[in-house]
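Thanks for coming. I will take a few minutes to walk through one structure, starting with its charged pairs and ending with some backbone details.

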Amino acid sequence: MGAAVFGAGLAGPAQAAQVLGSDAAACSAGGGPAIRVTVDGLKDRTGELKLELYPATETDFLRDDYLLIREGKFFRRVKVPTPASGPVVLCIRVPSPGAYALLLTHDRDGKNKFNFWTDGAGFASNRKLGRSRPKLEQARIVVPAGMVSVEIRAQYLRGLGGFGPIGS
């Protein structure tokens with residue numbers, strides 16, 4: 001719930017950026033329902049970026065995708081190589097308007113398995129993740145009939161304090 005959400009009338013570099021991912025068309029005029037994600041704070045431009053969309057329930061949040069699919073529940077993933085430069089804007093479509101849980105990961109080594117020590121993660125709320133398992137409320141986003149835009153700041157392990165954004 002406290003996600004910073006912006007309308008379709010974005011100004012500045014994010015508006016001119018190419019939208020990446022297999023769902024990019026859903027974030028164009030007349031598309032949707034979809035979530036347009038501007039990613040900031042990447043540690044580097046290696047590996048892959050991944051958006052994962054889960055049902056907005058404590059039980060289903062961060063569950064294995066094969067379990068969700070086997071149970072007939074919604075799950076969606078969009079993966080793209082991390083762009084070498086420029087703004088990073090991704091799109092992920094949703095089946096219908098409503099509440100979802102959205103996770104961004106930066107798989108820096110491209111091994112398709114989250115490495116706690118090197119990879120990054122982020123959620124729509126942009127609250128510091130710290131050392132505990134992320135809570136549903138940090139990832140919850142409400143999607144209208146059209147498109148919703150959100151900015152996610154990537155976070156990485158920063159010593160004893162756990163995960164947080166790099167820089168200030």
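A search of the whole structure finds 12 salt bridges. Before I go into them, please keep in mind that this is a predicted model. The general idea is simple: side chains of opposite charge can pair when their charged atoms come close.

Take Arg108 and Asp44. They form a salt bridge in which the closest N and O atoms are 2.5 Å apart. Which parts of the chain does this pair tie together? Arg108 sits in the loop between β7 (98-107) and β8, while Asp44 sits in the loop between β3 (34-40) and β4 (48-55), so the bridge ties together parts that are 64 residues apart in sequence. As for its surroundings, Arg108 counts as partly exposed, because its relative accessibility is 21% and the cut-off for buried is under 20%.

Next, Glu52 and Lys50. Their side chains meet in a salt bridge, with 4.0 Å from N to O. Are these two buried or exposed? Glu52 is buried, with a relative accessible area of 7%. Lys50 is buried as well, at 13%. The pair also belongs to something wider: Lys50, Glu52, Asp65 and Arg77 are linked in a network of salt bridges.

One more pair is Arg63 with Asp60. Here the closest N and O atoms of the salt bridge are 3.2 Å apart. Both residues are buried.

Now the chain as a whole. The secondary structure comes to 3 helices and 12 strands. The protein chain has 168 residues, and 45% of them count as buried. How do the contacts spread along the sequence? Among contacts between residues at least 6 apart in sequence, 72% join residues at least 24 apart. The Arg108 and Asp44 pair, with parts 64 residues apart, is an example of a link across the sequence, so you can keep it in mind as an illustration.

On to the surface. The protein chain exposes about 8300 Å², and carbon and sulfur atoms supply 55% of that. Which residues gather in a patch of positive charge there? They are Lys43, Lys128, Arg131 and Arg158. Looking at one of them, Lys128 lies in the loop between β8 (120-123) and α3 (136-139). Lys128 counts as exposed, because its relative accessibility is 52% and the cut-off for exposed is over 50%.

Last, the backbone. Where is there a cis peptide bond? The bond from Gly32 to Pro33 is cis, with omega near 0°. Pro33 is found in the loop between β2 (19-20) and β3.

Two residues have a positive phi although they are not glycines. For Leu62 the phi is about 70°. Leu62 is in the loop between β4 and α2 (65-70), and with a relative accessible area of 27% it is partly exposed. For Asn112 the positive phi is about 60°. Asn112 has its place in the loop between β7 and β8, the loop that also holds Arg108. At 44% relative accessibility, Asn112 counts as partly exposed.

To recap, we went from the 12 salt bridges, through the chain of 3 helices and 12 strands, to the positive patch on the surface and the cis bond from Gly32 to Pro33. That is all from me.

Notes:
Residues are numbered from 1 along each chain as its sequence is written. This is a predicted model: local features need pLDDT of at least 70, side-chain atom pairs count only at pLDDT 80 or more; totals for chains, interfaces and linings use all residues. Side-chain values use heavy atoms; hydrogens and water are left out. Patches are made of residues with over 30% relative accessible area and no salt bridge: like charges are joined within 9 Å, nonpolar side chains (Val, Leu, Ile, Met, Phe, Trp, Tyr) within 5 Å. Accessible areas come from the Shrake-Rupley method with a 1.4 Å probe; for residues, only the protein chains shown count as cover. Lys and Arg count as positive and Asp and Glu as negative; His and the chain ends are not counted. The place of a charge is taken as NZ of Lys, CZ of Arg, CG of Asp or CD of Glu. Helices (H or I, at least four residues) and strands (E, at least two) are DSSP runs, numbered from the N terminus. Buried means under 20% relative accessible area, exposed over 50%, partly exposed in between (1.4 Å probe, protein chains only). Contact means heavy atoms within 4.5 Å.
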